[in-house]
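Visitor: Please walk me through this model one region at a time, and spell out your cut-offs as you go.

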Amino acid sequence: MAKQITPNEPSPDVLYNVDCLHGALNDSGYICSHDFTSKVMTSIHTKPVRGAFLYGMAGTGKSYLPMVLAKVLDRQLFVHQCTQGTREEDLLVKTMPSEDTISGVKIGHGKIFQAAIESRKRPVMLMLDEWDKTRPSADGFFLDFLQYGRLSLPGVEDGEVNANLDNLTIFITANDEREFHEALLRRFPMISVSPIEPADVVTALEMTHKNNRLIPQMIDLYTRSISASLPKPATIQELRQLMDAVELLGSSSDWDTLVYQYITKTPENHILLSNQAKVESIDIDKLVKLRADDYGVDEVPVRNDINKPSMPSLRNLAKFNKSFSPNNHIPTDASVVFKRNEKSDNCVMQLNMDKDDPETASMPEWGSITKKYDFLTDDIVASSIHIIHRKRTYSSIEGEILIKDKYITRPELVRMLRGKWLVHKRDSNEIIARHHKSTDSKPVDLRWKEGKGMEIIAPLADSYVTLKQIFTLNANENLAHIQSVTLLNNRNIREISDSQGTHLAVRDLKSCVQSGSNVIGNSVLKSMSEHSGYCQGIYVCAPSGDDSCSNGDIPHFHELLNGSGKKYKLKSIPNGFLVIANNLHVCIEDIDKYAFGKMSILIEGAVHPDILSKVLDWFGCIPLYKCFQHDGTLRDKLEKAGWKIHHYNVNALVKSGIYALFVYDYVLFCGFLNAYDVTDEATLAINMKTKINRIRALEKAHKPNQD
């Protein structure tokens, strides 16, 4: 649900979107560049107090910025104008005539005090204008307020206040009349306010003097005033006033007189501007005449990034805008980084389409789009790498991926490194290595830390080592391998999310446990400890057992429709349905003759045999399991209790139809329900309850740290 905006609260786009803030400032008359807006945006989000030093030569718009920004952000503006020699007490109080006092004056709250009080109710903005005119001692006096929001006026009514710094934005303007205390400088970022670009001057003048014939002269005058090093360059307001004066006087106007009146204003400045006009000789005692004919640029500058179409575009008229402001924040928890282009932007945008949309397009909760790069922040784990590899999710995008594996043990790491990685650092707490097939331009680097697992950073595209190859233990074993992914064709694999690798692996459990074939990687098996209940799996096929089917091809479908009620419920979803019963949740999706079906199942306990028999007919085999980390003595304990090594898998023990598959420091207890074993519903019910009860008892007896 979208965030509700109160009447006094600006739109989140203005607060967090640089493009929106840039447009709002310029539309309100403060002409500035996109880069300058980025600096302003970051400053209004600083902590502990928001704001910045605005530093620059006179006439560049330092004081005007807080005025316009307060209007854009809908905040009350409090302005304290500092004067030469302003003292500490002058910052907090103001004197007013009063007939009620003996002295005839009354001491009241100054603008800083008023802003502090108002900040307790709503967001406000405070401008301390020309701070460099204050006494140096004012810097230290102000530090406590900036850090903690405390103000005190002994003897004055309501003389104690604690400002709400979260609601207070402070801008301090200064020229260069004195240096500031270092502690004060550390409290705020510094924004240099430079003269604006000539192209922006054109934009500003066009706002009030559209297509005016004098704009070329104004641009030339503006650039010369900067190059001549005048103490203050010509301002937008002064140029507008000069244009109005020339228009008013018409042919009787004198360029030299009007430039002196509206721009230079002193003989010294007039001489500096004359020198810039390359007058050969200057009589300092006599004001040099400036000729209007010498002024005017050949071509009014325009922004290079403005490309107007030769005819109106329906997309522009309908406001189809695919652009957005890049995010300035680079996430520290990034898992994938791309060089930014249309493909990488689309990759970030396409993720989590079924979740709530982010407030700003440049910063969804799962990633970040900046000016040059795209980032994803969801953790990429080893158990999902086989699916990412098969789907070629990022194969055509230039970038890097960070893969985590919290399950790998030291013995597995040794097998993985031996003969395939170059070890650069090795001690009891950390190992750092580089894959021997990687190159300097596209390296594959590994770091393992005791107690934290393994991290690998690898290139996404055109590398000599693929994502799947990184996790190779030997010719037959791979930490991230999932057999059912290998069997899927490319059209099937697109239906599977990158994060569903472990769920999909449930399909391979039977062959993994009973035959000993390495169809599931060690990290994938261990990650099944994260499953809830006794089974959580995804099967890429239709209930008929084929790739696709219609309703009429689903076994028992009409019986299900007629029997829906107390034992189970059927709920409709687009192109599919749900089967919901006690301890059972089944989702059947993409029911169509031309679609690739998908079934998912969650079992949390014993299920009524009436519905279980039908579901089992669809899945063929349903594993029931619990996976957890053991203490290292479990194998011996089970063998002493009568468990036997399986005939085809030395890593599995078996007793009375329950298997214990050992994967280094993890064990997976499991049993299987097979459709071909079902003789009647009563036997099926007993079989399921027996397996679940035994698995539950084994977990309770052997899982460490059980209550």
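Visitor: Which elements do the buried residues of α9 pack against?

Guide: Let's begin with the residues themselves: in helix α9 (198–208), the buried ones are Ala199, Asp200, Val201, Val202, Ala204 and Leu205. Here buried means under 20% relative accessible area, exposed over 50% and partly exposed in between, with a 1.4 Å probe and protein chains only. Helices (H or I, at least four residues) and strands (E, at least two) are DSSP runs numbered from the N terminus. Contact means heavy atoms within 4.5 Å, and the partners of these α9 residues are α10 (215–227) and α11 (236–249).

Visitor: What kind of model is this?

Guide: Residues are numbered from 1 along each chain as its sequence is written, and side-chain values use heavy atoms, with hydrogens and water left out. Local features need pLDDT of at least 70 and side-chain atom pairs count only at pLDDT 80 or more, while totals for chains, interfaces and linings use all residues, since this is a predicted model.

Visitor: How many residues does the protein chain have, and what percentage of them are buried?

Guide: The protein chain holds 27 helices and 28 strands. Of its contacts with a separation of 6 or more, 66% join residues 24 or more positions apart. Among the 707 residues, the buried share is 46%.

Visitor: Which residues of β17 point to the face where side chains are buried?

Guide: In a regular strand the side chains alternate between the two faces of the sheet. Strand β17 shows such an alternation: Asp445, Arg447 and Lys449 point to one face and are not buried. Those pointing to the other face, and buried, are Leu446 and Trp448.

Visitor: What is the bridge partner of Asp445 in β18?

Guide: Two strands pair if DSSP finds at least two bridges between them. On one side, β17 runs antiparallel to β16 (430–435) with five bridges, where Ile432 has Arg447 as its partner. β17 also runs antiparallel to β18, again through five bridges, and the two form a hairpin with three residues between them, where Gly451 in the turn has a positive phi of about 85°. Within β18, Asp445 is partnered by Ile457.

Visitor: Which element gives the most to the lining of the largest pocket?

Guide: On a 1 Å grid over the protein atoms alone, a pocket is an open set of points with protein on both sides within 12 Å along at least five of seven lines, and lining residues have an atom within 4 Å of a point. The largest pocket holds about 1400 Å³, a volume being the space filled by probe spheres set on grid points that are joined across faces, edges and corners. Its lining has 49 residues, and Leu351, Asn352, Ser497, Asp498 and Ser499 lie nearest the centre. Elements giving two or more residues include β17, β18 (453–459) and α16 (385–391), but the most, four residues, come from α15.

Visitor: What angle does the direction of helix α25 make with that of β22?

Guide: The open sheet of five antiparallel strands has the order β19-β23-β22-β21-β20, with β19 (535–539) and β20 (568–573) at its edges, each pairing on one side only. The twist averages 10° from one strand to the next, taking axes as lines fitted to C-alpha atoms (for helices over the stretch in contact) and angles from 0 to 180 degrees between N-to-C directions. Inside the sheet, β22 (584–589) and β23 (598–603) are joined by six bridges, with Cys587 standing opposite Ser600. Helix α25 (609–619) packs on the sheet and touches all five strands, and its direction makes with that of β22 an angle of about 40°.

Visitor: Which backbone oxygen does the side chain of Thr370 reach, and at what distance?

Guide: Thr370 sits in the loop between β11 (367–369) and β12 (373–376). Thr370 counts as buried because its relative accessible area is 6%. Leaving out residues up to four places away in sequence, Thr370 touches Pro326, Asn327, His329, Ile330, Arg340 and Phe375. Its side chain reaches the backbone oxygen of Tyr373 at 2.8 Å.

Visitor: Is Asp74 buried, exposed or partly exposed, and what is its relative accessibility?

Guide: Asp74 lies in the loop between α4 (64–72) and β2 (76–81). Although not a glycine, Asp74 has a positive phi of about 60°. Asp74 counts as partly exposed because its relative accessibility is 37%.

Methods. A polar contact is a pair of N or O atoms within 3.5 Å; within protein, one must be able to donate a hydrogen and the other to accept it, and residues adjacent in sequence count only if both atoms are side-chain atoms. On a 1 Å grid over the protein atoms alone, a cavity is a set of points where a 1.4 Å probe fits but cannot get out, and a pocket is an open set with protein on both sides within 12 Å along at least five of seven lines; lining residues have an atom within 4 Å of a point.
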